[in-house]
Amino acid sequence: MYQTLLTDLQDGILVVTINRPDKLNALNKDVIEELGKVVDDIYQNPEIKTAILTGAGEKAFVAGADISEFTALDGNGGAALAKKGQDLVFDKIENSPKPIIAAVNGFALGGGCELAMSCHFRLASENAKFGQPEVNLGLIPGYGGTQRLTQLIGKGKSMELMMTADMIGAEEAKSLGLVNYVVPQAELLGRAKEILQKIQAKAPVAIAKVIACVNDAAKGDSKGFENEIKRFGECFTTEDMKEGTGAFLEKRKAIFKGK
Ligand code: COA
């Protein structure tokens with residue numbers, strides 16, 4: 001179905017593997033378009049409850065946007081490339097009502113780091129390396145990196161990493177709050193699935209509202225508190241809220257329907 005992606009749906013978890021290992025899974029036009037389609041499917045397909053993004057092979061998650069596609073672009077072309085990626089993929093992942101997490105299995109550089117950061121949270125293998133090396137190319141991040149890296153690790157370290165183009169290892173990424181867990185590569189997908197299975201047992205409408213509220217906070221949205229009140233109220237109109245509170249009071253396990 002896809003030329004540049006592998007997909008595998010089991011137990012509600014869709015594993016999306018970016019599959020150009022000979023180019024370290026660099027994001028060319030085809031990968032961006034197909035990622036856009038797969039994210040649409042995550043939104044629309046009721047069989048998909050949560051998703052994991054990862055890279056093929058043991059070396060790279062994604063080593064960046066495909067640099068070979070940059071040479072033909074002028075100013076408008078560069079802006080259009082960034083806008084298309086942000087609209088079709090990165091913003092859509094961030095705003096997905098279903099959890100999408102990154103299992104970073106190697107290099108996550110440039111657009112790869114940005115892709116991981118657009119996910120709701122990240123796990124990394126021990127060999128993972130993160131960086132925004134665009135200034136080496138006379139560029140800046142264009143898939144949201146200047147914004148999301150600053151949201152995730154703060155201004156000082158974000159400035160340093162983007163100005164030096166330095167790469168950091170998985171443990172440093174964890175100490176900065178860029179990733180939540182560092183695990184041996186062989187355990188990476190298993191650990192990601194374990195966390196998503198736990199999330200899938202919760203109320204899906206509430207999970208979607210958590211995502212929207214936390215995104216408000218991360219973006220410094222001035223309506224964050226107001227939106228939280230509104231969404232809290234909306235939860236009271238769901239069947240799942242009645243089931244969750246009822247099950248607690250009846251001392252049984254809640255079974256949520258996502259309604
Ligand atoms: N765009 C296009 N091709 C890329 C790429 C990218 N971002 N990153 C890696 N590749 C390609 C290489 O050109 C090479 O292709 P080839 O075998 O046809 O020559 C292949 O992937 C393997 O990469 P290579 O550089 O040989 O591997 P390495 O182990 O020596 O180095 C990196 C690994 C990640 C350090 C190095 O590939 C790199 O610096 N990549 C670019 C990172 C970057 O600047 N990303 C930001 C882009 S905005």
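The following exchange concerns the ligand site, the nonpolar cores and two helical residues of a predicted model.

This is a predicted model in which local features need pLDDT of at least 70 and side-chain atom pairs count only at pLDDT 80 or more, while totals for chains, interfaces and linings use all residues. Residues are numbered from 1 along each chain as its sequence is written, and side-chain values use heavy atoms, with hydrogens and water left out.

Reader: Which residues come nearest to the ligand?
Author: A residue is near a molecule if one of its heavy atoms lies within 4 Å of it. The shell around the ligand divides into 9 nonpolar, 1 polar and 5 charged residues; here Ala, Val, Leu, Ile, Met, Phe, Trp, Tyr, Cys and Pro count as nonpolar, Asp, Glu, Lys and Arg as charged, and the others, Gly among them, as polar. Of the 15 residues around the ligand, those that come nearest are K23, K59, A63, A65 and I67.

Reader: How many Å separate a polar side-chain atom of K23 from an oxygen atom of the ligand?
Author: A polar contact is a pair of N or O atoms within 3.5 Å. Backbone N or O atoms of A65 and I67 lie 2.9 Å and 3.0 Å, respectively, from a nitrogen atom of the ligand. For the polar side-chain atom of K23 and the ligand oxygen, the distance is 2.5 Å.

Reader: Which helix gives the most to the largest nonpolar core?
Author: A nonpolar core is a set of buried Ala, Val, Leu, Ile, Met, Phe, Trp, Tyr and Cys residues joined through side-chain atoms within 4.5 Å. Of the 44 residues in the largest one, L35, F61, V104, L115 and F130 touch the most other members. With 6 residues, the element that gives the most to this core is helix 1 (residues 29-44; helices are DSSP runs of H or I, at least four residues, numbered from the N terminus).

Reader: Is L152 buried, partly exposed or exposed?
Author: L152 lies in helix 4 (residues 145-153). Leaving aside neighbours within four places in sequence, L152 is in contact (heavy atoms within 4.5 Å) with M117, R122, L176, G177 and L178. Buried means under 20% relative accessible area, exposed over 50%, and partly exposed in between, with a 1.4 Å probe and protein chains only. Because its relative accessible area is 28%, L152 is partly exposed.

Reader: Which residues does N215 touch, not counting those up to four places away in sequence?
Author: N215 lies in helix 8 (residues 204-218). At 12% relative accessibility, N215 counts as buried. Beyond its sequence neighbours up to four places away, N215 touches E94 and N95.

How values were computed
A polar contact is a pair of N or O atoms within 3.5 Å; within protein, one must be able to donate a hydrogen and the other to accept it, and residues adjacent in sequence count only if both atoms are side-chain atoms. Helices (H or I, at least four residues) and strands (E, at least two) are DSSP runs, numbered from the N terminus.
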